[in-house]
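User: I am in my first year and would like a close look at the strands of one chain, and at what lies around them. Could you take me through that part slowly, in connected prose?

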There are 2 protein chains.
Amino acid sequence: MKTGKAQLEKVSKLIQPHIHRTPVLTSHLINEIAGADLYFKCENFQRMGAFKMRGATNAILNLSEEQKAKGVVTHSSGNFAQALSLAAKSLEVPAYIVMPDSAPEVKKAAVRTYGGEITECPSTLPDRERTADEIQQRTGATFIHPSNDLDVILGQGTAALELLEDEPDLDIIFCPVGGGGLIAGTALAVKHFGNNCKCMGGEPLEADDAWRSLQSGKIETNETANTVADGLKTQLGDINFPIILEHVDEIVRVSEDEIKTALRLIWERMKIIVEPSSAVALAAVIKEKERFKNKKIGIIISGGNVDLAKLPF
Amino acid sequence: MKTGKAQLEKVSKLIQPHIHRTPVLTSHLINEIAGADLYFKCENFQRMGAFKMRGATNAILNLSEEQKAKGVVTHSSGNFAQALSLAAKSLEVPAYIVMPDSAPEVKKAAVRTYGGEITECPSTLPDRERTADEIQQRTGATFIHPSNDLDVILGQGTAALELLEDEPDLDIIFCPVGGGGLIAGTALAVKHFGNNCKCMGGEPLEADDAWRSLQSGKIETNETANTVADGLKTQLGDINFPIILEHVDEIVRVSEDEIKTALRLIWERMKIIVEPSSAVALAAVIKEKERFKNKKIGIIISGGNVDLAKLPF
């Protein structure tokens, strides 16, 4: 089975030489505040600074040699652009990255550092898709979606798999919910490797498309997404949504103030640099602390790529 | 001998239950930039966020029961105030902290959180000493100097001792130089536990009193100390200076821009929060990288207590 236990184990072994096994950190002070035992899986220490490195690596490793020779293409202005570029560079595969011309120069520079070839286009989704199509036709490159791709989903799931290897008795694993790749992969890992473990998501109230999708049973979109958690503005896709619908136990929504408070706690108490998106899961645990009292909870810290000149403090 | 190998081992065992054994981190990217193999001893992850917890704990543990009952007193506006407060609280000893009335409210709040009783006074050294004297006379508390105290020095040296246990073949251990407690302790640990290892210091050009003291052979002072590394403005003392003079191989001075560049590297590449003072040693290694090419170098990251509202980026 494509999403079975053996498949996840295989992916974990396959990508292992190309990624970091990230540490699991704890904080007495944050445990006191949350009233629970929290285990932070620190993907901010992952190569290129985010869990996306896992999925990108797995997607490329699953291509045929012929496909690899022609390269990969994606459209992303965020961490997946950098992840696919670095994974491709490490595996000696060409990477074509479609980015909106409005993307910050710092993000374009990061993609270039990792060897990705950038094509700029207007920032609407149809423009980005059309530009990626043109590159595919010209180069024969394979399109890799940042979150709605089974190889990507399985790759992202290896973070939770490793966390459960280190802490087998977790009651819950929480992760942030953006495009759905991370939480779908996490849910599969929890299902196959957890011991009565639940999978829950944290999502900004300002971009609660996934929460609404679970209510309605179909993929909902965000009209606006005015959140500091800029990695979580994207919507679910037709490949990850069925997995989420079947295996995610609950999504908890949090306000912008709750996200910022949790973000500051992580920075000040744990002395680690994490993206605002990474704080959403902790914000959810603290918001509903009465429910989670004394539980053992894993939290996937999604990444640490922030613009130090634009901090929300 | 009071500064011998057995003494340092004893101190390390004594304080172990009360401190964290901090991790040693590495970064491929920073190694590439420095052209050397760097091992960062991350005291920013220490309890209360700095190595000062070690010395404060050892100083209190070496008091008699009668002395402990009467408490400890120090004057500090920085990490030592918090360290002595928390160590005292953990060991159920009263702590009296003299702070300049100009100290930031955030630092006073941290001391109060850790249970220290603050007495404010004008910020000149005579005022601070007089105020501490008064408290000593009133309470019978023992005065503990933040850096010029042998028990404090030995406590600080345990960071380098642990680092050498993890990485026995270091060619050099670098640490920042402020009041001299850390580098004196580090030099003793390097002498007793290193394997042909040197001890070097990094110091801001703007507060290069220790560099000048090594040149002149007597304790020099800073007329001004206009540096972002605000933990390094203090001067050496008559207890730590002889140790430094005998056992420190060299002090390398760095500019403010070099400190800020190294600080940004640590934040952006290692995703950890460190104080500007902590970046001074890395700045020194990068500044003279030709000399340190391919060496195995330990770097003591002194602490991670920063005001997020006042970052130098």
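Analyst: What follows looks at the strands of chain B, then at helices, and then at how the two chains are placed. Please keep in mind throughout that this is a predicted model.

A good place to begin is the open sheet of chain B, in which four strands are arranged in the order β5-β4-β3-β6 and the pairing is parallel. The two strands at the edges are β5, covering residues 117–121, and β6, covering residues 142–143, and each of these pairs on one side only. Further in, strand β3 (residues 72–75) of chain B runs parallel to strand β4 (residues 95–100) of chain B, and four bridges join the two. To find one of these links in the picture, look for B:H75, whose bridge partner in β4(B) is B:V98. When you follow the side chains of strands, it helps to know that in a regular strand they alternate between the two faces of the sheet.

A helix belongs to this picture as well, since helix α6 (residues 105–113) of chain B lies across β4 and β5 of chain B and runs at about 175° to β4(B). An angle over 145 degrees counts as roughly antiparallel, so α6(B), at about 175°, is roughly antiparallel to β4(B).

Chain A offers a matching view, because its own open sheet of four strands has the order β5-β4-β3-β6 with parallel pairing, and 'parallel' is used there as a term of strand pairing by bridges. There, A:V72 stands opposite A:A95 in β4(A), while helix α6 (residues 105–113) of chain A lies across β4 and β5 of chain A.

Returning to chain B, strand β2 (residues 37–42) deserves separate attention. Five of its six residues are buried, so β2(B) is largely enclosed by the rest of the structure; buried here means under 20% relative accessible area. Strand β1 (residues 24–25) of chain B pairs with β2(B) in the antiparallel sense over two bridges, and B:V24 stands opposite B:K41 in β2(B). Strand β10 (residues 296–301) of chain B pairs with β2(B) too, but in the parallel sense and over six bridges, with B:D37 standing opposite B:K296 in β10(B).

Next come two helices of chain B, α12 (residues 256–270) and α13 (residues 280–287), whose axes come within 8 Å and cross at roughly 105°. The two helices, α12(B) and α13(B), are therefore roughly perpendicular to each other. Where they meet, B:E258, B:I259, B:A262, B:L265 and B:I266 in α12(B) face contacts with B:V280, B:L282, B:A283, B:I286 and B:K287 in α13(B).

Finally, it is worth stepping back to see how the two chains are placed. Chain B can be laid on chain A by a turn of 180° and a shift of 0.0 Å along the axis, with an RMSD of 0.0 Å. The two copies are thus related as by a two-fold rotation axis. Among the residues of chain B, B:I272 comes closest to that rotation axis, with its C-alpha at 2.1 Å. As for the interface, 100% of the interface residues of chain B are also interface residues in chain A, so the copies meet through the same surface.

Terms used
Residues are numbered from 1 along each chain as its sequence is written. Chains are lettered from A and ligands numbered from 1 in the order in which they are written. This is a predicted model: local features need pLDDT of at least 70, side-chain atom pairs count only at pLDDT 80 or more; totals for chains, interfaces and linings use all residues. Side-chain values use heavy atoms; hydrogens and water are left out. Copies are superposed by least squares on the C-alpha atoms of residues with pLDDT of at least 70 in both. Contact means heavy atoms within 4.5 Å. Axes are lines fitted to C-alpha atoms, for helices over the stretch in contact, and angles run from 0 to 180 degrees between N-to-C directions. Buried means under 20% relative accessible area, exposed over 50%, partly exposed in between (1.4 Å probe, protein chains only). Angles under 35 degrees count as roughly parallel, over 145 as roughly antiparallel, 65 to 115 as roughly perpendicular and the rest as oblique.
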